[in-house]
Amino acid sequence: MRDITFCHPELQEKVKKLLSNCKSKGLIIGIGECFRTVEEQEALYAKGRTEKGKIVTNAKGINYSSHHQWGTAFDFYRNDGKGAYDDSDGFFEKVGEIGKSIGLEWGGDWVSPVDKPHFQLPQWGSTTKKLKQIYKTPENFKMTWKGVDNMDTVQEKTQYSEAAENIDKSKKLYNYTLEVPDWARLTVQKLLDKGYLKGNSKGELELTYSMLKLLVINDRAKLYD
Ligand SMILES: [Zn+2]
């Protein structure tokens, strides 16, 4: 995915800076891949292993091993008409130096595989081990980026609330009618009124998101009428 707004806010700032610093030195770059899903990362990992081609990454997708999956990395390419990866004049080295001067870690400094068109935020280390230890999943990590209120684009807002919602969906218990989302509230109220649904000894309903969905489907099928 080539949309930098799906990445960490600090990375977005650094991308802006990199683009303008490079431009002022006559180095025209474009921003390539930013955020990667598990599937996209798995497909890359297969290259040179179970699929044809050269090995391009050591990071498996399934265990969130690439910074691209955490929104903390992006790739760039040459955009001055000389070929996206033409490095005959040390183009990538020059961009690498500029990136490092604004606080990015450059993949060109890595040993295996050398990844010249790659930058990432350095504060969690070269691998994603630390991110995994602290946040477990990219979704949890995203929730720490910033609150919905100071988000500047609609896209960021959607992305944030989707991440928040996914966590809700898997873990949250809906204990009171007021906590139940609008689309399920009438159904839950009906079940309580009819005595089909009873809370625990503390009066908590202990309903999960998937239970709510099922109850609403059953209600639409008129099972509770
Ligand atoms: Zn990369």
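These exercises walk through a predicted model, each with a worked solution.

Residues are numbered from 1 along each chain as its sequence is written. Because the model is predicted, local features need pLDDT of at least 70 and side-chain atom pairs count only at pLDDT 80 or more, while totals for chains, interfaces and linings use all residues.

**Exercise 1. Set out the overall architecture of the chain.**

Solution.
- Start with the elements. Helices (H or I, at least four residues) and strands (E, at least two) are DSSP runs, numbered from the N terminus.
- The chain has 8 helices and 4 strands.
- Along the sequence they follow the pattern α-β-α-β-α-β-β-α-α-α-α-α.
- Next, burial. A residue is buried if 20 or more other C-beta atoms lie within 10 Å of its own, exposed if 12 or fewer, and partly exposed in between; C-beta atoms are placed from the backbone.
- Of the 225 residues in the chain, 24% are buried.
- Last, contacts. Two residues are in contact if their C-beta atoms, placed from the backbone, lie within 7 Å.
- Take the contacts with a separation of 6 or more: 62% of them join residues 24 or more positions apart.

**Exercise 2. Find the nonpolar cores and the residues in them.**

Solution.
- Fix the term. A nonpolar core is a set of buried Ala, Val, Leu, Ile, Met, Phe, Trp, Tyr and Cys residues joined through C-beta atoms within 7 Å.
- The largest core holds 16 residues, and C7, F74, V95 and F119 touch the most other members.
- Helix 1 (9-24), strand 2 (73-78) and helix 3 (91-101) each give two or more residues to this core.
- A second, separate core has 6 residues, including V188, L205, L207 and L215.
- Now take F119. Beyond its neighbours within four places in sequence, F119 contacts A73, F74, G99, L104, E105, W106 and G107.
- For background: in soluble globular proteins, nonpolar side chains tend to be buried together.

**Exercise 3. Describe how helix 1 packs on helix 3, and helix 7 on helix 8.**

Solution.
- Axes are lines fitted to C-alpha atoms, for helices over the stretch in contact, and angles run from 0 to 180 degrees between N-to-C directions.
- Angles under 35 degrees count as roughly parallel, over 145 as roughly antiparallel, 65 to 115 as roughly perpendicular and the rest as oblique.
- Helix 1 and helix 3 pack at about 130°, with axes 10 Å apart. The pair is therefore oblique.
- L18, N21 and C22 of helix 1 make the contact with V95, I98 and G99 of helix 3.
- Helix 7 and helix 8 pack at about 75°, with axes 9 Å apart. They are therefore roughly perpendicular.
- From helix 7, W183, A184, T187, V188, K190 and L191 meet L212, L215, V216 and D219 of helix 8.

**Exercise 4. Place L197, and trace what surrounds it.**

Solution.
- L197 sits in the loop between helix 7 (182-194) and helix 8 (209-220).
- L197 has 16 C-beta neighbours inside 10 Å, so it counts as partly exposed.
- Beyond four places in sequence, L197 contacts V188, L191, L192 and L205.
- Among these, L192 lies in helix 7. L192 is partly exposed because 14 other C-beta atoms lie within 10 Å.
- L192 and L205 are 13 residues apart along the chain, and their C-alpha atoms are separated by 9.6 Å.

**Exercise 5. Pick out the backbone exceptions, and say where each one lies.**

Solution.
- Begin with the usual case. Most residues other than glycine have a negative phi, and most peptide bonds are trans.
- Y64 has a positive phi, near 55°. Y64 lies in the loop between helix 2 (38-46) and strand 2. Y64 has 21 other C-beta atoms within 10 Å, so it is buried.
- E206 also has a positive phi, near 55°. E206 lies in the loop between helix 7 and helix 8. E206 has 11 other C-beta atoms within 10 Å, so it is exposed.
- K222 follows helix 8 and has a positive phi, near 60°.
- The peptide bond from S112 to P113 is cis, with omega near -10°. P113 lies in the loop between strand 3 (105-106) and strand 4 (118-120).
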